[in-house]
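I opened this entry to look up a sheet and a few backbone angles. My notes follow.

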Amino acid sequence: MKKMISTVFVLILLLLFAVPVFAASAGERVFDNAQLFTAEEREALQSMIDAHVDEYDMDVVVLTISDNEGKSTRAYADDFYDDYGFGYGDDDAGVLFLIDMDSREIYISTAGRMIDILNDARIEELLDIQYEYVSMGKYYDAMDAAIVQTAAFIDAGPVPGQYRRDEGRYLEPWWIAVSIAIGVGTAAIVVAVINSRYKKEFKPVPYDFKNESKLSLSLKTDDFINKHVDRRYNPPPPTNSGGGSFGGGSTTHTSSSGSSHGGGGRSF
């Protein structure tokens with residue numbers, strides 16, 4: 001009897017761990033847990049995502065929640081993407097759009113190649129688009145517009161000069177200020193010690209500058225012979241037709257599962 005109970009318990013655990021993989025493999029990409037969309041709107045978003053996934057081989061997920069389980073909006077978005085096994089290719093490329101009604105925040109989580117395509121500037125553009133709608137309660141319109149603009153960014157590709165920067169490798173502003181203060185204080189102490197050691201009473205040194213100084217002048221002329229001017233046209237720098245700032249980069253962070261994500265959010 002105990003052996004049978006243990007077997008059933010193990011099977012239940014296996015099923016629980018298999019749920020995320022099953023949900024992702026089934027093709028579902030719209031998870032309206034906060035019930036913000038109508039049935040027709042959910043179907044429309046799912047159809048739009050299916051078309052984009054087939055065309056770009058990049059994952060697109062829409063998620064709404066009314067309870068973030070005590071997590072930050074960023075952590076919830078990253079964990080949901082990782083735990084449910086979303087993403088295409090070896091780098092699990094894709095993007096997740098989250099509407100967190102608990103924290104009243106929208107968030108965009110990127111992974112894989114999508115980190116380079118949706119850099120920080122482009123994410124801000126997408127947040128601008130979404131904010132205009134969610135602030136009026138038009139949640140479907142926010143997701144629809146974000147997906148359409150994301151497709152345009154994918155078509156344009158990464159912006160010229162794209163790079164990634166890990167937020168963990170940069171010092172906080174307060175720490176920079178403390179470091180500067182410590183450096184200035186240390187330098188002031190060193191200067192004070194040197195001055196105290198080499199301070200001597202000033203004694204003027206007699207010098208017969210009239211007899212010891214000599215001045216010799218020579219004449220030098222420059223003759224203007226010819227003048228040649230070259231004129232060249234310098235075209236303006238190229239603009240990025242795909243949106244977002246020219247150059248720029250993507251700030252990345254590590255999720256609880258150890259995966260690298262980009263992204264950004266905004267309260268509404």
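I looked up Glu-105 first, working from a predicted model. The bridge partner of Glu-105 in strand 7 is Ser-267. I then checked the two strands as a pair. Strand 4 (residues 105-111) and strand 7 (residues 260-267) run antiparallel and are joined by six bridges.

Next I traced the whole sheet. It is open, with seven strands in the order 1-2-3-4-7-6-5. The pairing is mixed. I asked which strands stand at the edges. They are strand 1 (30-32) and strand 5 (164-166). Each has a single partner strand, so one side of each has no neighbour in the sheet. From one strand to the next, the twist averages 25 degrees.

I looked for helix packing too. Helix 2 (residues 39-56) packs on the sheet and touches strand 1 and strand 2 (59-65). The direction of helix 2 makes about 155 degrees with that of strand 1.

Then I turned to phi angles. Most residues other than glycine have a negative phi. I noted two residues that depart from this.

Gln-35 is not a glycine, yet its phi is positive, about 55 degrees. I placed Gln-35 in the loop between strand 1 and helix 2. Is Gln-35 buried or exposed? Its relative accessibility is 58%, and the cut-off for exposed is over 50%, so Gln-35 counts as exposed.

Arg-104 also has a positive phi, near 50 degrees. I found Arg-104 in the loop between strand 3 (94-100) and strand 4. With a relative accessible area of 34%, Arg-104 is partly exposed.

Note on methods: Residues numbered from 1 in each chain as written. Predicted model: local features only at pLDDT ≥ 70, side-chain atom pairs only at ≥ 80, totals over all residues. Heavy atoms only, no water. Pairing = 2+ DSSP bridges. Helix = DSSP H or I, 4+ residues; strand = E, 2+ residues; numbered from the N terminus. Axes fitted to C-alpha atoms, helices over the stretch in contact; angles between N-to-C directions. Contact = heavy atoms within 4.5 Å. Buried < 20%, exposed > 50% of the residue type's maximum accessible area, 1.4 Å probe, protein only.
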